[in-house]
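Visitor: I have a model on my screen and would like a close look at a single part. Could you take me through it slowly?

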Amino acid sequence: MLTLTVRRLERDGLVIRTVPAQVDYHLTETGASLTHPVKALADWSLENCGGIADARQAYDAQHPDNDIR
């Protein structure tokens, strides 16, 4: 699964694969440009996970027959 994922990232131009004695991957400039948006999304997730959990609990209490989980 990892190989498939990394090959897809290579195909998308986000990583470069080199093959010396071991396989080594590093981010391309395009791949590296994703670090700030991904970090921002991770920060947002951490800041809002409590509120989202509260909203889910409130929704589930108001809709006891829902099957959304």
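Visitor: Is Asp43 buried, exposed or partly exposed, and what is its relative accessible area?

Guide: Happy to help. Please keep in mind that this is a predicted model, where local features need pLDDT of at least 70, side-chain atom pairs count only at pLDDT 80 or more, and totals for chains, interfaces and linings use all residues. Residues are numbered from 1 along each chain as its sequence is written, and side-chain values use heavy atoms, with hydrogens and water left out.

Asp43 is partly exposed, with a relative accessible area of 30%; buried means under 20%, exposed over 50%, and partly exposed lies in between, using a 1.4 Å probe and protein chains only. The side chain of Asp43 forms a salt bridge with that of Lys39, at 2.8 Å from N to O. The term stands for a side-chain nitrogen of Lys or Arg within 4 Å of a carboxyl oxygen of Asp or Glu. A search of the whole structure finds 1 salt bridge.

The setting of this pair is helix H3, where Asp43 and Lys39 are 4 residues apart and therefore separated by about one helical turn. An α-helix has 3.6 residues a turn, so residues three or four places apart point the same way. Helices here are DSSP runs of H or I with at least four residues, strands are runs of E with at least two, and both are numbered from the N terminus.

Now for the helix itself. H3 covers residues 35-62, 28 residues in number, and reaches 39 Å from its first C-alpha to its last, close to the 40 Å expected at 1.5 Å a residue. That expected span is 1.5 Å times one less than the number of residues. At Asn48, H3 bends by about 50°, the bend being the angle between axes fitted to the seven residues ending there and the seven starting there.

Arg56 gives us a link to another helix: Glu10 is 46 residues from Arg56 in sequence and 38 Å from it in space, C-alpha to C-alpha. Glu10 is found in helix H1, residues 2-11, and is partly exposed at 31% relative accessible area. Leaving aside residues up to four places away in sequence, Glu10 touches Val15 and Arg17, where contact means heavy atoms within 4.5 Å.

Val15 also leads us to Thr28, which touches Gly13, Leu14, Val15 and Ile16, again not counting residues up to four places away in sequence. Thr28 sits in the loop between strand S2 (24-27) and helix H2 (29-32), and counts as buried at 14% relative accessibility.
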